[in-house]
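Hello,

Here is the structure I promised to hand over. Please open it and keep it beside you while you read the notes below.

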4 protein chains.
Amino acid sequence: MWTEENNKLTRNFEFNNFIDAFAFLSQVAILAEKANHHPEIYNVYNKVTLSLSTHDAGDVVTDKDRNLAASIDKLVK
Amino acid sequence: MWTEENNKLTRNFEFNNFIDAFAFLSQVAILAEKANHHPEIYNVYNKVTLSLSTHDAGDVVTDKDRNLAASIDKLVK
Amino acid sequence: MWTEENNKLTRNFEFNNFIDAFAFLSQVAILAEKANHHPEIYNVYNKVTLSLSTHDAGDVVTDKDRNLAASIDKLVK
Amino acid sequence: MWTEENNKLTRNFEFNNFIDAFAFLSQVAILAEKANHHPEIYNVYNKVTLSLSTHDAGDVVTDKDRNLAASIDKLVK
């Protein structure tokens with residue numbers, strides 16, 4: 001689940017392989033651009049870490065982050 | 001499931017929405033390039049149709065098609 | 001360029017290879033979902049055909065199609 | 001260009017926007033899976049950082065890294 005630390009929401013994801021991890025990133029990319037709000041994305045092989053904060057609000061966690069986090073969670077249910 | 005007609009293997013897929021359909025296409029794209037064998041891809045919103053035949057063998061269905069079809073099936077199990 | 005025929009805007013694209021064609025489709029996917037307006041996508045190897053019409057308006061060409069076409073054109077300039 | 005530091009090859013990329021950055025990542029994803037060699041990927045908005053090392057060789061830079069780096073460079077020429 002998402003943890004809030006250093007003024008960021010962060011969640012780690014683990015998939016079966018790189019192809020599944022990248023499919024997830026494709027979905028995140030579309031959601032992010034649609035929301036005009038882009039996470040920090042870190043990926044290596046089957047692991048993905050996403051971090052969210054709101055630059056325009058001074059790099060703190062806002063509802064924009066919580067809403068995008070909730071949309072992303074629906075992808076991996 | 002795949003049907004063989006007009007010297008092509010064809011299968012229709014239906015997803016919840018465009019984002020899920022596109023995630024699937026990302027996976028198919030990676031598998032296709034890895035196999036150096038590319039399907040005909042048709043997509044509109046949540047629907048995808050893939051068709052496979054082997055150009056180098058004279059546009060007939062070969063084991064290259066059957067193998068890629070089997071890999072694609074694993075994505076949607 | 002786009003042609004209007006059978007109440008659809010259609011344009012053919014050709015790329016160097018499948019990887020470039022798929023990168024373009026990734027961009028189109030993001031633009032489409034952002035506009036909540038999805039083209040018919042046809043791809044085989046380095047070739048892509050996109051068709052646009054507005055279902056809600058009775059499957060005719062509207063400004064929604066012309067606007068998305070203009071956004072897609074910017075990708076390939 | 002790529003720098004070699006801490007037994008990793010690293011290169012920073014900057015694009016016009018997120019859509020262009022993600023199109024590049026789609027290409028990198030396909031090349032990586034095809035080579036069965038996966039970079040560390042870091043992305044935020046229009047910025048991408050890729051790092052390459054060879055886990056099986058004890059996390060040092062090998063020809064597998066140099067070859068994938070060369071393939072990636074061709075994408076952004």
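In which sense do β3(A) and strand β4 of chain A pair, and over how many bridges? β3(A) and strand β4 (residues 47–52) pair in the antiparallel sense, over five bridges. Here two strands pair if DSSP finds at least two bridges between them, and the elements themselves are DSSP runs numbered from the N terminus: helices are H or I with at least four residues, strands are E with at least two.

A word on how to read the names and the model. Residues are numbered from 1 along each chain as its sequence is written, while chains are lettered from A and ligands numbered from 1 in the order in which they are written. This is a predicted model, where local features need pLDDT of at least 70, side-chain atom pairs count only at pLDDT 80 or more, and totals for chains, interfaces and linings use all residues.

**Chain A as a whole**

Chain A has two helices and four strands, and along the sequence they follow the pattern β-β-α-β-β-α. The radius of gyration of chain A, taken over C-alpha atoms, is 12 Å; the globule rule gives 11 Å for 77 residues, so chain A is as compact as a globular protein of that length. That rule is 2.2 Å times the number of residues to the power 0.38. Along the principal axes, the C-alpha atoms of chain A fill a box of roughly 35 × 25 × 20 Å.

Of the 77 residues in chain A, 35% are buried. Buried means that 20 or more other C-beta atoms, placed from the backbone, lie within 10 Å of a residue's own. Two residues are in contact if their C-beta atoms, placed from the backbone, lie within 7 Å. Among contacts in chain A between residues at least 6 apart in sequence, 54% join residues at least 24 apart.

**A closer look at β3**

In a regular strand the side chains alternate between the two faces of the sheet. You can follow this along β3 (residues 40–44) of chain A: Ile41(A) and Asn43(A) point to one face and are buried, whereas Glu40(A), Tyr42(A) and Val44(A) point to the other and are not. Opposite Tyr42(A), in β4(A), stands Thr49(A). The hairpin of β3(A) and β4(A) has two residues between the strands, and Tyr45(A) takes a positive phi near 50° there.

**Where chains A and D meet**

β3(A) also pairs with strand β3 (residues 40–44) of chain D, in the antiparallel sense and over five bridges. In β3(D), Tyr42(D) is the bridge partner of Tyr42(A), and Ile41(D) is the bridge partner of Asn43(A).

The contact takes 12 residues from chain D and 12 residues from chain A. On the chain D side, α1 (18–35) and β3 are the elements that give two or more residues. By class, that side of chain D has eight nonpolar, two polar and two charged residues. For these classes, Ala, Val, Leu, Ile, Met, Phe, Trp, Tyr, Cys and Pro count as nonpolar, Asp, Glu, Lys and Arg as charged, and the others, Gly among them, as polar.

How are the two copies related? A rotation of 180° with 0.0 Å of shift along its axis superposes chain D on chain A, with an RMSD of 0.0 Å; the fit is by least squares on the C-alpha atoms of residues with pLDDT of at least 70 in both copies. Of the residues of chain D, Tyr42(D) comes closest to the rotation axis, at 2.3 Å (C-alpha). The copies meet through the same surface, because 100% of the interface residues of chain D are also interface residues in chain A.

**Where chains A and C meet**

Four residues of chain A are in contact with four residues of chain C. The chain A side of this contact has two nonpolar, no polar and two charged residues. Chain A can be laid on chain C by a turn of 180° and a shift of 0.0 Å along the axis, with an RMSD of 0.0 Å. That is the relation of a two-fold axis.

**The sheet of chains B and C**

Finally, eight strands form an open sheet with antiparallel pairing, in the order β1(B)-β2(B)-β4(B)-β3(B)-β3(C)-β4(C)-β2(C)-β1(C). Its edge strands, each pairing on one side only, are β1 (3–5) of chain B and β1 (3–5) of chain C.

Happy exploring!

Note on methods:
Buried ≥ 20, exposed ≤ 12 C-beta atoms within 10 Å, placed from the backbone.
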